[in-house]
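Work through these exercises with the model open. Each task is followed by its solution.

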Amino acid sequence: MYICYNWFANHIVWKGDDRLAVRSDGLQTQKRILQACVRLFLEKGYRQTTMLQILKEAQVSSSSFQNLFHSKDGVLMELVKFMFEKQFGMARSVVGTALSPVYVYAVETALQITLTELNENLREIYLEAYTQKQLLEYIQRATTRELQSIFGPYQPELTQQDFYELELGSAGLMRGYMANPCTDEFTLERKLNKFVTLALRGYKVPEDELQQVLAFLAKLDMRSIAQSVMEELFRQLAMRYEFSLDGILPLKKCE
């Protein structure tokens with residue numbers, strides 16, 4: 001009995017170690033894939049990045065990739081979830097605690113639009129996020145919770161479903177402004193002013209408060225803030241998955 005018990009105990013320990021080893025291998029593979037995809041998506045563009053390039057850069061097999069992400073859309077979902085989890089927090093750090101949450105919404109949406117002006121491949125990533133059904137649904141559901149918290153006091157009769165339906169419209173506005181690059185006439189400042197004006201009027205923010213928000217936004221150097229926010233997002237992503245940012249940052253504007 002003693003011999004059988006020891007054999008059984010040792011057998012269980014061995015299987016546990018084996019599972020831990022497999023899990024560790026999976027985490028290492030995930031890190032390599034994410035690092036490769038961040039680099040390739042920013043350097044080549046999301047659509048131009050092929051599965052073959054990802055597998056070669058990450059040095060993983062097709063079966064290993066499939067087990068974790070199924071497709072490059074799965075990697076994009078992971079990245080988009082991470083970015084949208086962090087962006088409102090980043091906006092709050094810019095606004096501070098003295099101003100109302102409406103300012104946070106204005107800065108967060110302005111950041112998203114400005115980020116697409118930093119790099120054309122980054123614009124493509126955001127446009128994919130606002131186009132693919134599963135990604136867009138995630139963004140809209142996550143944003144709806146923020147909208148109800150921010151704008152609920154202005155329209156207390158609205159339900160979460162009401163705010164979800166309003167977000168369908170504001171997400172469409174967001175994508176439209178993202179898709180059209182700034183020009184000499186349609187400057188970033190004009191673009192941000194027009195989007196925030198339309199959005200806040202849609203959420204019934206009083207006109208005097210709207211003008212105060214626009215004045216606050218106009219004083220911010222959104223390009224510099226967006227650059228810092230994007231680099232910080234990538235640093236946090238690299239820390240979470242323990243990969244290197246060498247060759248990824250600083251993010252350069254595409255010519």
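Contact here means heavy atoms within 4.5 Å. This is a predicted model.

**Exercise 1. Determine what share of the contacts between residues at least 6 apart in sequence join residues at least 24 apart.**

Step 1. Take the contacts in the protein between residues at least 6 apart.
Step 2. Of these, 69% join residues at least 24 apart.

**Exercise 2. Describe the secondary structure and the burial of the protein.**

Step 1. Count the elements: 11 helices and zero strands.
Step 2. Read along the sequence: the pattern is α-α-α-α-α-α-α-α-α-α-α.
Step 3. Turn to burial: 46% of the 255 residues count as buried.

**Exercise 3. Decide where the coordinates deserve caution.**

Step 1. Start with the average: the protein has a mean pLDDT of 86, and 86% of the residues score at least 70.
Step 2. Find the extremes. Confidence is lowest in helix α1 (residues 2–44), with a mean of 63, and highest in helix α10 (residues 207–218), at 98.
Step 3. Check residues 1–22: pLDDT stays under 50 there, and the model has zero contacts for them beyond four places in sequence.
Step 4. Where pLDDT is low, predicted coordinates should not be read in detail.

**Exercise 4. Work out how helices α6 and α8 pack.**

Step 1. Locate them: α6 covers residues 120–129 and α8 residues 160–179.
Step 2. Take the geometry. The angle is about 155°, and the axes lie 10 Å apart.
Step 3. Angles over 145 degrees count as roughly antiparallel, so α6 and α8 are roughly antiparallel to each other.
Step 4. Add the handedness: α6 passes α8 in a left-handed crossing.
Step 5. List the contact residues. α6 supplies Arg123, Tyr126 and Leu127; α8 supplies Arg175, Met178 and Ala179.
Step 6. Sort the contact by class: four nonpolar, two charged and no polar residues.

How values were computed:
Residues numbered from 1 in each chain as written. Predicted model: local features only at pLDDT ≥ 70, side-chain atom pairs only at ≥ 80, totals over all residues. Heavy atoms only, no water. Axes fitted to C-alpha atoms, helices over the stretch in contact; angles between N-to-C directions. Helix = DSSP H or I, 4+ residues; strand = E, 2+ residues; numbered from the N terminus. Parallel < 35°, antiparallel > 145°, perpendicular 65-115°, else oblique. Left-handed = near helix turned anticlockwise from the far one by under 90°. Nonpolar A, V, L, I, M, F, W, Y, C, P; charged D, E, K, R; others polar. pLDDT = per-residue confidence, 0-100. Buried < 20%, exposed > 50% of the residue type's maximum accessible area, 1.4 Å probe, protein only.
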